[in-house]
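Welcome, and please take a moment to look over the sequence and the model below. The report that follows walks through a few places worth finding on your screen.

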Amino acid sequence: MLYLKSWHESRIRFLLSLVFLCGISSCVVFYFAYLHRYDRFRTHPSPDYAHYIWAVIFKGGNSVREMFVLIVLFLGMGGLLRERAHGTAAFSLALPISRWRFVVARGLVGILEVSALSFVPAVTVLALSPAIGQSFPPAQATQFAILWSACGAAFFAGAFLCSALVEGEYASPVTALSALALYSLTLSISVFGKYPLNTLNIHSVMSGEGMPYFRPETAQVIALPWGTLICIFGLAVGLLALSAYVTQRQDF
Amino acid sequence: MSGDWSIETHDLTKRFGRYEAVRALNLKVPSHQITGFLGNNGAGKSTTIKMLLGMTHPSSGSGTVLGRRIDDARENREMRRRVAYVSEDKQLYAYLTVEEMVRFTRSFYEDWRTETEQRLLRQYQLPLDRKVRSLSKGMRTKLALLLALARRPELLILDEPSDALDPASIEELLQALVTAAGEGTTIFFSSHQIGEVERIADRVCIVNQGQVVGDLNLDQLRENYRKIVASFSREVPSDLFSDMDLEQVQIHGRQAVAVTKHDSDNVMARAWSAGAVSVDVEPVSLREIFLETTRRND
């Protein structure tokens, strides 16, 4: 029932995010057809479809990937401190359930939602590409979705921790956004731009840019970096555990 | 359960920075009775209740509820299986319907009584398909009461239950509490509405500035406490009751008012012997005791 409660709490945000990601990914696909038909590409020769999709959806720099990260921060809002702002924390805490279980339920449901959203652009591209006479390799789409799942879980857990630390409907997402901006700014220092230090940059892990597992000439992921992904997922679990620890010690 | 007491605290203290919301609170709530927890706004009632339920961690001191330590997370969780709580603002999950809210709560209690749930649903006329967010505060209170009472809890704790309710809803609420007490549930409720407490409580704990300053059995209050009003034809002698152990003494010009617990005959005799022209004995109300007790401790 706690899982159902967590789903109820976040389902509107999740469904809006799903519709948004689906819509924006569809626009990206059909915009390629428009650019191709009227030869409106800014670069010559015009990029192939795989490069175009990677650059606009998976890469970064005004891409769908950045919107996905913002959506994940938005989904990360939750937890007992947020319930206190809504006045329902007293009811929840009077139930014969430990605070850990509340955090675990919200964390798991959130990570599942993030995973589902990770697949939305990939599935949309796969489904709509034939409609414009193009094709995108399913294996590539799946690999990017898996990269987004693991990395999205870490961003989600970070936002969830902010939500456990900072009370307020707007204060916690603003804190999460500020933390993300600080993190991104720090990693823009040139020393973090090259392998292996760039594996600390979760944005790069998601896009594959500058990574040994990504081949820029074909815009393809050669093999998934399972070790890195397990570490990032471990970071997400650690951040959720920290949220639980913080929640355990709080007064409501 | 720990003997005759459902709730016991020993020097329970809660500090928020330098502010002490609850100061060395020693509270005893007897089982199978209705106990009112009376105090002005900010007296520490809600903080005390939150500490009892493990929502807020005590800064020092200890306490037990149904024999379980409140500062031990596991014991507190066990205790909450047997305790129902209705919070001050009665906020429930706005995004659920009444039916979903009932189903959600039911899933955590093995001793849920479906027949009580159905009876209360009918009695309170709660619309099953309505979202909680669209319920009035009165309806929300009824739903919160249903969720609390459908489990036959050993102890029901309510924080300002009648707050912002209309008179008809207050009446229904008080009736529900009396019925629950009749079925053996211990009731502990905080309030600053003296009239309500006086109407249904067997016992009253008065809290002021985070401390228990009065613990009264209301039957004893009605039977033993008396107010003696003595009128004089001249100025009241300043030492009139000075050597007597009285609950309250007020002297205004030619009139002296004394509140005594067991000693009304002696107080009257003293007044007559000092030259009083009339001496009247009146029952004492909880309001008078409360105001005097909190004034004395301010």
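In this predicted model, B:Q209 takes a positive phi near 50° in the hairpin of β9(B) and β10(B), where two residues lie between the strands. The two strands, β9 (residues 203-208) and β10 (residues 211-217) of chain B, run antiparallel and are joined by six bridges. If you would like one pair to follow by eye, take B:V207, whose bridge partner in β10(B) is B:V212.

**The two domains of chain B**

Chain B is divided into domain 1, residues 5-219, and domain 2, residues 225-296. The centres of these two domains of chain B, taken over C-alpha atoms, are 37 Å apart. How many residues of domain 1 of chain B are in contact with domain 2 of chain B? There are 13, and they touch eight residues of domain 2 of chain B. Between them, domain 1 and domain 2 of chain B bury an area of about 900 Å², with carbon and sulfur atoms giving 77% of it. On the domain 1 side of chain B, the residues that lose the most area to domain 2 are B:I194, B:I206 and B:L216, which together account for 49% of what that side buries. The rule finds zero salt bridges across this interface of domain 1 and domain 2 of chain B.

**Salt bridges in chain A**

Over all chains, the count comes to 22 salt bridges. Here are three of them from chain A, with the distance between N and O atoms.

| Pair | N to O distance |
|---|---|
| A:E83 and A:K5 | 2.5 Å |
| A:R82 and A:E169 | 2.9 Å |
| A:E167 and A:R84 | 2.7 Å |

Let us start with A:E83 and A:K5, which form a salt bridge. This pair links distant parts of the chain, since A:E83 sits in helix α4 (residues 80-86) of chain A and A:K5 in helix α1 (residues 2-37) of chain A, 78 residues apart. Are A:E83 and A:K5 buried or exposed? Both A:E83 and A:K5 are buried.

Next comes the salt bridge between the side chains of A:R82 and A:E169. A:R82 belongs to helix α4 of chain A, while A:E169 is in the loop between α7 (138-165) and α8 (171-187) of chain A, so the pair ties together parts that are 87 residues apart in sequence. A:R82 is buried, with a relative accessible area of 17%, whereas A:E169 is partly exposed at 30%.

The third pair is A:E167 and A:R84. A:E167 lies in the loop between α7 and α8 of chain A and A:R84 in helix α4 of chain A, so parts 83 residues apart in sequence are tied together by this pair. A:E167 counts as partly exposed at 34% relative accessibility, and A:R84 is partly exposed too, with a relative accessible area of 33%. Salt bridges that share partners also join A:K5, A:E9 and A:E83 into one network.

**Cysteines**

How many disulfides does a search of the whole structure find? The search finds zero disulfides over all chains. A:C22, for instance, is in no disulfide, and the nearest cysteine sulfur, that of A:C27, is 9.8 Å away. Why does A:C27 form no bond with A:C22? The sulfur of A:C27 is 9.8 Å from that of A:C22, its closest cysteine sulfur, and this is too far for a bond. A:C22 itself is partly exposed, with a relative accessible area of 32%.

How values were computed
Residues numbered from 1 in each chain as written. Chains lettered and ligands numbered in written order. Predicted model: local features only at pLDDT ≥ 70, side-chain atom pairs only at ≥ 80, totals over all residues. Heavy atoms only, no water. Pairing = 2+ DSSP bridges. Helix = DSSP H or I, 4+ residues; strand = E, 2+ residues; numbered from the N terminus. Disulfide = S-S within 2.5 Å. Buried < 20%, exposed > 50% of the residue type's maximum accessible area, 1.4 Å probe, protein only. Domains from an automatic or database assignment. Contact = heavy atoms within 4.5 Å. Buried area = accessible area lost by both parts, 1.4 Å probe. Salt bridge = Lys/Arg side-chain N within 4 Å of Asp/Glu carboxyl O.
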